[in-house]
Amino acid sequence: MEVWIIEDELPAAARIEKMLRALDFDIEIAAKYATVSETVTALQQHQPDLLVMDIHLADGNSLHIFSQTEVRCPVIFTTAFDDYAIEAFKHNSVDYLLKPVKEQELRAAIEKYKRIHAKPASTPNWEQMLRSFANAGRQYKQRFAVKYGEHLKTVETAQSAYFYTESKATFLVTHDGKRYIVDYNMDELEHLLEPRRFFRINRQFIIAVDSIAEMLSWTKARVLVKLNPPTKLETIVSSERAAAFKQWLDDSV
């Protein structure tokens with residue numbers, strides 16, 4: 001896979017190159033450019049498989065490249081700002097990563113590129129991508145203060161297997177089977193939890209991807225999800241959420 005890095009900051013370009021080489025031995029960093037003008041000239045002569053492109057270059061905004069020449073290859077945009085996400089998605093965008101670019105985010109973007117281009121007939125889910133970019137850089141809840149007998153303690157969000165509501169109370173269940181009441185309703189939790197890891201399968205349950213023990217096809221296009229730790233309550237993905245649930249499973253890793 002031939003990749004060009006379009007970046008005017010040498011340390012940033014070197015860092016991205018190092019991460020790309022570590023992620024995939026089949027990636028060839030064929031060129032690095034720092035300006036709009038030289039990128040336009042290079043693209044007029046040859047197009048790589050993928051561009052990793054900063055929004056702000058030494059001589060201007062890289063989105064101007066698309067008005068100066070045809071760009072047929074996909075692009076992973078990088079930037080210190082999230083102001084250009086929607087505009088970037090009009091131009092072959094695979095992903096939009098905020099600086100400093102994290103290795104796991106770059107890995108996910110490369111994997112997304114491979115999935116999209118392994119299926120030429122498929123169409124990227126632009127609505128799903130725009131939702132994820134709206135959440136880019138957002139800080140999600142890292143821990144919860146919970147009641148423990150007469151005491152209070154904190155539970156890390158990473159320890160949470162799922163959340164559910166019963167008898168007008170909301171419970172957090174940890175991976176080791178402990179249960180705590182939390183002072184949030186399900187709608188509030190849905191906005192507080194990192195959406196790549198947590199999904200609301202119905203009105204009663206929000207589950208973590210690593211709490212899924214088994215999944216079975218159910219009636220009316222629904223999905224029965226068996227959780228670990230197990231619960232006696234019904235954990236069926238509602239029919240209106242089933243398609244989004246399957247998309248979440250595909251994108252959550």
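**Exercise 1. Determine how strand 10 and strand 14 pair, and place them in their sheet.**

Solution. Step 1: strand 10 (residues 160-166) and strand 14 (residues 205-208) are antiparallel partners joined over three bridges. Strands here are DSSP runs of E with at least two residues, helices are runs of H or I with at least four, and both are numbered from the N terminus; two strands pair if DSSP finds at least two bridges between them. The model is predicted, so local features need pLDDT of at least 70 and side-chain atom pairs count only at pLDDT 80 or more, while totals for chains, interfaces and linings use all residues. Residues are numbered from 1 along each chain as its sequence is written, and side-chain values use heavy atoms, with hydrogens and water left out.

Step 2: within this pairing, Y162 has I207 of strand 14 as its bridge partner.

Step 3: the open sheet contains five strands in the order 12-11-10-14-13, with antiparallel pairing. Strand 12 (179-182) and strand 13 (198-200) each have a single partner strand, so these edge strands are left with one side lacking a neighbour in the sheet. From one strand to the next, the twist averages 20°.

Step 4: helix 8 (residues 242-251) packs on the sheet and touches strand 13 and strand 14, where contact means heavy atoms within 4.5 Å. The direction of helix 8 makes about 175° with that of strand 13; axes are lines fitted to C-alpha atoms, for helices over the stretch in contact, and angles run from 0 to 180 degrees between N-to-C directions.

**Exercise 2. Describe the span of helix 1 and its buried and exposed residues.**

Solution. Step 1: the 14 residues of helix 1 (residues 10-23) reach 20 Å from first C-alpha to last, close to the 20 Å expected at 1.5 Å a residue. The expected span is 1.5 Å times one less than the number of residues.

Step 2: A12, A13, I16, E17, M19, L20 and L23 are the buried residues of helix 1. Buried means under 20% relative accessible area, exposed over 50%, and partly exposed in between (1.4 Å probe, protein chains only). These buried residues are on the same side of helix 1 because they cover an arc of only 165° around the axis, the arc being that of the directions from the helix axis to the C-beta atoms.

Step 3: L10, P11, K18 and A22 are exposed on the face turned away from the buried side of helix 1.

**Exercise 3. Examine the aromatic pairs.**

Solution. Step 1: the whole structure holds 12 aromatic pairs. Rings of Phe, Tyr and Trp (its six-membered ring) pair if their centres lie within 6.5 Å; planes under 30 degrees apart count as stacked, over 60 as edge-to-face and the rest as tilted.

Step 2: the ring centres of Y162 and Y164 are 6.4 Å apart and the planes stand at 45°, so this pair is tilted. Y162 and Y164 are both buried.

Step 3: F144, F163, Y184 and F198 form a cluster linked by ring pairs.

**Exercise 4. Locate the cis peptide bonds at P100 and P229 and the positive phi values of S167 and K168.**

Solution. Step 1: most residues other than glycine have a negative phi, and most peptide bonds are trans.

Step 2: the bond from K99 to P100 is cis, with omega near -5°; P100 lies in the loop between strand 7 (93-98) and helix 5 (103-118). The bond from N228 to P229 is also cis, with omega near 5°, and P229 belongs to the loop between strand 16 (223-227) and strand 17 (236-237).

Step 3: S167 has a positive phi of about 55°, and K168 has one of about 65°. S167 is in the loop between strand 10 and strand 11 (169-174), as is K168. S167 counts as exposed at 70% relative accessibility, and K168 at 88%.
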